[in-house]
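Reader: Hey, got a minute to walk through this one with me? I'd like to ask things as they come up.
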Amino acid sequence: MFRKVRGVTNEDREPLTGNEQRILQLIKKDPYVSQQELAEVMGLSRPSVANIISGLVRKNFILGKAYILNESEPIVCIGGANIDRKYYVKDSLQWSTSNPVTSTDSVGGVARNIAENLGRLDMETILLTAGGTDAAWTHIKESSSLYMNVSYAALIPEMTTGSYSAILDADGEMIFALADMDVYEAITPQYILKHDRLLSRAKCVAADLNCPKETLQLLCHKANQYNLPLMLVTVSAPKMTHLPEDLNDVTWLITNREESEASLDRKITDNEEWRKAVTRWLEKGVSNAVITDGGKGAMIGNEEAGIYHVPAVPMENAVDVTGAGDAFCSAVLYAWLEGKDLPAIAKAGMINAAETLTSAYTVRENLSAAQLQKEMEERS
């Protein structure tokens, strides 16, 4: 049952958030209260409550009930969590001079964004990432904790939390971007092995290519060891070198046209070449492969169902493209876990990406499982 941990003083513990304090008081009143009962009292989802309980266990305020820990099958997201800085150029960009812009700051990172999307879709998620002990990490932690468990992050005092700075034109299209991601070198195989127990009971793992290559290779090994579904999400053409050599244990690979061209050393000039590129990923051992191409949609396939082209969902009033790819990946994973067929899986991804394009936020605030279902029915 839940009980006080012996030999641990208040000085040894990390401070509690407001939600953690409330749940701790509810547990003290009824040590056998279920996660669902706590969720109903708190007005939160059950996965959110599970994340909070995991934090209380890690902070040594409680010992977890076996049935609560065993019933938990989280999605473990591994990779980037950073600050997104977006600069919107008011007129045409002029080089070698000062350009008038408007700007916004928000939390981002591919793995973190996927985790928030999944959290909003009522899935229990745990984020494994690395950051500094700075104000940027504090902001990420405070903004993310409602949707995922961030308590397992590796914090490196001498490093700076990752940041991504994008220059966007008046239509929200990215002109170029700068990424300070050196801290993710701390997502080492040793760090992953330290949290091997999380992987052993995970529903699946979604990792981005901000992780070092040797870490991704270890995750492939763990996927085989634990019969664990593994999704790899690419982040840029230069980081395609992080992709493991052996992809036979990769359940999902989601990449875009430029990244696939760089890794496969072939140009995708038309739908036929696009389809051949998906086939090449499948031949390399990936169970399900996706290549996206912005407004042209996505090509998705596996050996059993074949290869489908899914057009992009037309949306007016797009704000910017940041986060749309992560929204696509998370909805694909969600729909697959829900047992949808391949066309429906791709459609869920396209709809979530399109709706995210119209939001000023990297992860749209109106996302929920019910909302995504409604949007899919409206476009059926």
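Reader: Let's start with Asn51. Which helix is Asn51 found in?

Author: Asn51 sits in helix α3, which covers residues 46-58. Keep in mind that this is a predicted model.

Reader: Okay. Is Asn51 buried or exposed?

Author: Buried, because its relative accessibility is 4% and the cut-off for buried is under 20%.

Reader: And what does Asn51 touch, not counting residues up to four places away in sequence?

Author: On that count, Asn51 touches Glu124, Thr125, Tyr147, Met148 and Asn149.

Reader: Switching to the nonpolar core. How many residues are in the largest one, and which touch the most other members?

Author: The largest nonpolar core has 49 residues. Those touching the most other members are Cys77, Leu118, Met231, Trp252, Ile300, Phe328 and Leu372.

Reader: Pick Leu118. What is Leu118 in contact with, leaving aside neighbours within four places in sequence?

Author: Leu118 contacts Ile75, Cys77, Met123, Thr125, Ser330, Leu333 and Tyr334. Another core, of 44 residues, lies apart from the largest one, and its members include Tyr184, Ala223, Leu228 and Val278.

Reader: Now pockets. What volume does the largest pocket have?

Author: About 1,600 Å³. Of the 49 residues lining the largest pocket, Asn256, Val321, Gly323, Ala324 and Gly325 are the closest to its centre.

Reader: Which element gives the largest share of that lining?

Author: Helix α12 does, with five residues. Elements that give two or more residues to the lining include β2 (82-89), α5 (110-120), β11 (252-256) and α13 (342-357).

Reader: What's the lining like by class?

Author: The lining of the largest pocket has 24 nonpolar, 16 polar and nine charged residues.

Reader: How many disulfides does a search of the whole structure find?

Author: Zero.

Reader: Why is there no bond from Cys211 to the closest cysteine sulfur?

Author: The closest cysteine sulfur belongs to Cys77 and is 11 Å from the sulfur of Cys211, so the two are too far apart for a bond. A disulfide here would need the sulfur atoms within 2.5 Å. Cys220 is in no disulfide either; its nearest cysteine sulfur, that of Cys211, is 11 Å away.

Reader: Are Cys211 and Cys220 buried or exposed?

Author: Cys211 counts as buried at 0% relative accessibility, and Cys220 is buried with a relative accessible area of 5%.

Reader: Backbone next. What's the phi of Ser96?

Author: Phi of Ser96 is near 65°, a positive value in a residue other than glycine. Most residues other than glycine have a negative phi. Ser96 is in the loop between β2 and β3 (101-108), and at 83% relative accessibility Ser96 counts as exposed.

Reader: And Asp122, what's its phi and where is its place?

Author: Phi of Asp122 is near 70°, also positive. Asp122 is in the loop between α5 and β4 (125-128), and it counts as partly exposed at 43% relative accessibility.

Reader: Last one, Tyr226. Where is Tyr226 found?

Author: Tyr226 is in the loop between α9 (213-225) and β10 (230-233). At 25% relative accessibility, Tyr226 counts as partly exposed. Leaving aside neighbours within four places in sequence, Tyr226 is in contact with Asp196, Leu199 and Ser200.

Reader: What separates the C-alpha atoms of Tyr226 and Arg22?

Author: A distance of 35 Å, with the two residues 204 apart along the chain.

How values were computed. Residues numbered from 1 in each chain as written. Predicted model: local features only at pLDDT ≥ 70, side-chain atom pairs only at ≥ 80, totals over all residues. Heavy atoms only, no water. Core = buried A, V, L, I, M, F, W, Y, C linked by side-chain atoms within 4.5 Å. Buried < 20%, exposed > 50% of the residue type's maximum accessible area, 1.4 Å probe, protein only. Contact = heavy atoms within 4.5 Å. 1 Å grid on protein atoms, 1.4 Å probe; cavity = no way out; pocket = protein on both sides within 12 Å on 5 of 7 lines; lining within 4 Å. Points joined across faces, edges and corners; volume = space filled by probe spheres on them. Helix = DSSP H or I, 4+ residues; strand = E, 2+ residues; numbered from the N terminus. Nonpolar A, V, L, I, M, F, W, Y, C, P; charged D, E, K, R; others polar.
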